[in-house]
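Biologist: I would like to learn how to read a ligand site and a helix in a model. Where do we begin?

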Amino acid sequence: MSDHHQARLATRAVHGGQDIEPTTGAVMPPVFLSTTYAQRSPGVHQGFDYIRAQNPTRYALERAIAALEGTGLSRDDDPGCGGIVFASGLASIGAVFDLIPAGSHAVVMDDLYGGTHRLLSRIRGPVQNLRVTTADLTDAGRLGDAMTAETRLVWVETPTNPTLKIVDLAEVARRARDINPEVILGCDSTFASPVNQRPLEHGFDLVMHSATKYLGGHSDVLAGALATNRADLAERLRFVQFAAGAVLGPFDCYLLLRGIKTLDVRVRRQNESALAIARWLEAHPKVERVLYPGLESHPQHALAARQMDGFTGIVTFFVAGGLDAAKRTLERVRLFALAESLGGVESLIEHPAIMTHASISAEQRAELGITDSLIRLSVGVEAVEDLIADLDQALA
Ligand SMILES: *Cc1c(COP(=O)(O)O)cnc(C)c1O
């Protein structure tokens with residue numbers, strides 16, 4: 001039962017944590033839908049008794065994700081080798097915040113996914129009395145002001161949505177542990193995918209994905225994933241998964257297992273096309289500015305090149321002519337779908353100020369640089385020439 005932890009990422013994407021099914025030789029893990037399992041004698045079973053507690057298809061997916069992120073944990077440490085999946089990305093973030101007691105202090109990145117911000121300010125704050133300090137951790141030095149020896153959790157996102165700021169994970173980890181060696185460090189790595197970035201390699205304890213995005217990759221499944229290299233955290237998170245109950249259903253696990261097989265191929269293509277599109281946009285007279293970590297003009301390009309193996313399929317740009325010009329562009333595209341979400345095989349285009357970031361106040365949007373002329377692309381796997389031609393006619 002090799003979990004292929006040592007293989008290269010493209011190999012781990014296909015084989016990581018996967019077994020040939022012993023009774024039939026099936027190459028793909030079967031979808032085990034059974035909610036319950038027969039016992040030989042009361043309490044005597046083969047490791048499976050009830051679907052919320054254990055599920056073979058879910059374990060296969062969890063081990064695949066663990067292999068991608070390089071948890072280094074074995075099946076003896078945790079049945080998912082430190083990969084733990086949930087019913088949505090937000091449910092997995094909720095599980096992380098279930099690790100810290102009521103009244104705790106947490107430091108979070110200022111430029112957070114809107115849903116994470118809403119979870120903390122509308123639920124965890126009032127219900128759990130969580131005290132949250134936000135800080136722009138693109139400057140790791142700011143941790144010194146934001147964090148104390150009592151801080152239980154630091155939560156970052158990199159690259160951020162939609163302005164693609166980068167957090168220096170190793171530097172945040174080093175500074176955070178100086179202040180409190182016990183602090184839990186978590187990173188929402190959804191925008192990078194494990195192909196481009198693996199936070200556990202940079203000293204973080206936990207990495208989180210909205211598996212709805214790149215891991216699934218086909219815009220047809222809602223799911224969340226955590227991976228940890230700490231057996232103690234794996235045990236606690238597995239208990240949260242079981243006891244709070246936001247587990248992922250077997251069929252959704254199967255869709256993700258299927259999607260992950262092509263993760264490396266998809267994301268490499270998306271990286272490549274996104275860079276070509278970013279360069280093309282940067283030279284376009286109707287484009288004021290392009291934000292893409294792979295461009296030399298990105299203020300943190302050197303850090304991104306050091307920390308990441310690729311620069312993602314997300315490209316953000318400011319179109320000349322403000323809201324009207326942005327709306328015109330969004331209405332005129334034919335190949336790009338005007339839609340929220342990201343990371344799928346089909347290219348999407350959206351307007352953060354009106355769509356994904358509408359719940360954030362106008363002042364806060366201004367602070368984060370989310371103006372009315374800002375457009376976000378999620379580049380798919382179509383021929384890049386066709387994508388550029390589509391943007392060309394839309395901007396004309
Ligand atoms: C989509 C997203 C989430 C939330 O995930 P869901 O699967 O929609 O619950 C969290 N973080 C980031 C960066 C996302 O893009």
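Modeller: We take the ligand site, then one helix. This is a predicted model, in which local features need pLDDT of at least 70, side-chain atom pairs count only at pLDDT 80 or more, and totals for chains, interfaces and linings use all residues. Residues are numbered from 1 along each chain as its sequence is written, and side-chain values use heavy atoms, with hydrogens and water left out.

Biologist: Which residues come nearest to the ligand?

Modeller: A residue is near a molecule if one of its heavy atoms lies within 4 Å of it. Here 14 residues surround the ligand, and Leu90, Asp188, Ser210, Thr212 and Lys213 come nearest.

Biologist: What polar contacts does lysine 213 make with the ligand?

Modeller: A polar contact is a pair of N or O atoms within 3.5 Å. A polar side-chain atom of lysine 213 lies 2.7 Å from an oxygen atom of the ligand. Leucine 90 has a polar backbone atom 2.9 Å from a ligand oxygen.

Biologist: Which residues of helix α12 are buried?

Modeller: Buried means under 20% relative accessible area and exposed over 50%, with a 1.4 Å probe and protein chains only. Helices are DSSP runs of H or I with at least four residues, numbered from the N terminus. In α12 (residues 322-332), Ala325, Ala326, Thr329 and Leu330 are buried. They lie on the same side of α12 because they cover an arc of only 135 degrees around the axis, taken from the directions from the helix axis to the C-beta atoms. The face turned away from that buried side carries the exposed residues Asp324 and Glu331.

How values were computed. Polar contact = N/O pair within 3.5 Å; in protein donor to acceptor, adjacent residues only side chain to side chain. Helix = DSSP H or I, 4+ residues; strand = E, 2+ residues; numbered from the N terminus.
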